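Please work through the exercises below with the sequence and the model open, and try each task before reading its solution.

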Amino acid sequence: MARVAKVNIKNFRGISSFEWLPKPGFNCLLGAGDSGKSSILEAIGWCLSGNIHRSVTDADFHGLRPDIPIEISVVLVDLSDRLLRLETYGPYHRGFNQATGEIDDEPGRGLDTAFSITLRIDWDMQGRWSLDTNRVEDEGDRHDMALRALRRLSLLQLQDESTTQLTFSRGSVLFKLAEETLELNGPLADASRQARNVFGGAANEQLEKTLEQVRSIANNLGISAAAGATATLDASQMTLRPSNIALHDQTNVPLTRLGLGSSRLLIAGLQQKARDGADIGLIDELESGLEPHRIVRLLQTLGAKHPTTQFQVFATTHSPVVVRELSAEQLLRVRNINGAIETPEIDPNSMQGVLRMYPEAFLSQSVVVCEGAGEVGLLRGLDLYRIERGYPSLTAHGTSLVNAGGYGNILSRAEAFHKLGYRVAILRDDDAQPNAKREQVLLDGGCLLAKWPEDFALEHAIFRGLPSEKSLEIVRHVMKLYGSQSIEQQVNNHMPDEATFDFRLTDELLGILSPDEIEACISASMAEDKSWLKKRGIGVMEEIAYTVIGPALDDCQPWMKAEINKLFDWAADYA
């Protein structure tokens with residue numbers, strides 16, 4: 001089965017230049033809207049189908065410049081036996097180096113035998129295909145042989161509604177399943193005749209007055225053939241073809257009326273059962289119309305879970321389900337920088353686990369790498385508080401939160417996302433610091449750092465940064481979660497000698513925490529076996545941030561307010 005080994009696109013829509021060496025198997029493109037993902041798929045489809053499915057307009061030329069031609073080149077390797085025939089295609093075979101992506105005009109030792117096909121569209125909007133070679137000078141011959149080769153290629157396109165695939169039209173998946181042995185011309189001709197016979201002159205009675213006028217005029221003009229005119233089905237328009245035969249459900253509703261997701265899933269399944277199957281599949285927005293469990297089923301049907309599959313797929317997605325189900329090697333981040341497309345690879349060693357836990361981060365534009373679950377909960381709770389007061393959410397700004405799982409992982413996570421072209425910010429404690437030089441490299445590269453004062457952990461920041469009466473509200477909150485007696489005992493274990501913490505006294509009379517009580521609460525909340533703010537995951541800190549910290553933020557210590565506002569301003573600053 002042929003596969004695409006190299007793609008080169010110039011001056012097509014939002015793409016000024018793009019060169020890519022896709023992998024065998026599943027290739028899924030992800031990136032911001034208008035980054036060029038769908039254009040890449042359509043360019044491959046235009047080049048390999050030998051047909052431009054809709055009229056080309058000036059808008060298909062990069063920068064609306066039809067004076068600069070569109071050029072789409074695709075290198076095919078793993079050619080079928082028919083395409084390897086020397087007597088037919090020998091002069092057009094080229095050598096492709098898998099390691100370097102270079103093409104030699106002739107095959108050679110250590111090189112894959114390849115076709116290089118180029119589609120060029122000039123100002124006249126006409127597409128012209130050519131098999132690239134320096135050994136054949138005749139341009140017309142190169143064009144004809146390109147189309148001949150493409151007819152030998154099986155291409156499955158699910159970029160839009162593909163209802164013809166659920167009919168028996170030539171080239172459809174059903175036609176392939178029938179092993180191209182359909183002998184339906186005779187039965188279809190009989191069906192056409194029967195339809196005319198059944199209909200007969202059923203319309204004559206209703207059209208009698210019109211028919212009388214036709215006959216009268218024909219007689220007056222001497223047109224004998226129309227003198228006895230009747231109304232029946234037009235035999236010249238009643239020729240039935242295999243494309244008129246479609247699958248139907250049990251209630252006789254055509255399956256061409258299936259929803260987009262269901263039809264894609266069915267067509268993909270049928271394609272894999274066809275005699276030859278497809279060489280290459282193109283699927284734009286793979287998740288369209290499908291529930292999560294059926295997305296997974298479609299991925300399985302397309303061979304995404306089978307590393308040895310020979311079926312090569314190019315897909316795009318905006319679905320976290322798709323990102324989570326695929327491996328890092330199957331995903332490609334697409335960045336459009338003033339028309340030049342970059343495709344940094346996702347490192348499986350550092351990012352596979354993140355793909356599983358935070359797939360939505362790979363579909364965002366900005367990522368905040370948080371030291372732990374507490375920081376994630378803090379930002380989520382503050383975000384909810386701000387949303388209720390009319391501020392746009394972090395997600396509205398295209399920002400996702402990622403838990404690094406400890407200060408030792410912060411820089412590797414931030415570096416990986418930064419390398420992929422995401423805007424990156426870091427929120428961390430300062431009781432343990434990551435490598436200062438590595439962190440500074442990130443900051444010099446445009447990343448943002450928000451952190452608490454020197455030697456402060458999250459617990460220090462909250463209890464020392466909030467007004468003392470608000471710190472007491474946090475204690476009340478954790479008492480509801482873990483019990484007042486337990487929390488009192490834990491705090492008293494960290495109080496100075498002869499001093500005690502009495503929640504009832506504090507609650508009813510003082511309404512604030514003393515400095516000693518604040519320090520005792522910090523120590524108690526950070527105990528490894530207790531961890532008030534973290535042992536129940538993100539939820540505890542999220543609720544405290546929403547109910548306590550958000551309303552009190554304007555009255556917090558200046559350093560606390562500054563670090564938090566820095567992050568939200570950074571998220572909102574993305575243009």
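The exercises go from the whole protein to one helix, one residue and one pocket.

This is a predicted model, in which local features need pLDDT of at least 70 and side-chain atom pairs count only at pLDDT 80 or more, while totals for chains, interfaces and linings use all residues. Residues are numbered from 1 along each chain as its sequence is written, and side-chain values use heavy atoms, with hydrogens and water left out.

**Exercise 1. Describe the protein as a whole.**

Step 1: Helices (DSSP runs of H or I, at least four residues) and strands (runs of E, at least two) are numbered from the N terminus, and the protein has 20 helices and 18 strands.
Step 2: Of its 575 residues, 48% count as buried, where buried means under 20% relative accessible area with a 1.4 Å probe and protein chains only.
Step 3: Taking a contact as heavy atoms within 4.5 Å, residues 24 or more positions apart account for 70% of the contacts with a separation of 6 or more.

**Exercise 2. Assess the length and burial of helix H1.**

Step 1: H1 covers residues 37–49, and its 13 residues reach 18 Å from first C-alpha to last, close to the 18 Å expected; that expectation is 1.5 Å times one less than the number of residues.
Step 2: Ten of the 13 residues of H1 are buried, which leaves the helix mostly covered; among them are Ile40, Leu41, Trp46 and Cys47.
Step 3: Just after H1, Gly50 takes a positive phi of about 70 degrees.

**Exercise 3. Explain why His460 counts as buried, and place it among its contacts.**

Step 1: His460 lies in helix H14, residues 458–465.
Step 2: His460 counts as buried because its relative accessibility is 14%.
Step 3: Leaving aside residues up to four places away in sequence, His460 touches Asp455, Gly465, Ile522 and Met526.

**Exercise 4. Characterise the lining of the second largest pocket.**

Step 1: On a 1 Å grid over the protein atoms alone, a pocket is an open set of points where a 1.4 Å probe fits, with protein on both sides within 12 Å along at least five of seven lines, and lining residues have an atom within 4 Å of a point.
Step 2: The second largest pocket holds about 270 Å³ of space, and of its 14 lining residues the closest to the centre are Arg380, Thr395, Thr399, Ser400 and Leu401.
Step 3: Helix H11 (373–388) and strand S16 (399–403) are the elements that give two or more residues to this lining, with H11 supplying the largest share, six residues.

Terms used. Points joined across faces, edges and corners; volume = space filled by probe spheres on them. Buried < 20%, exposed > 50% of the residue type's maximum accessible area, 1.4 Å probe, protein only.
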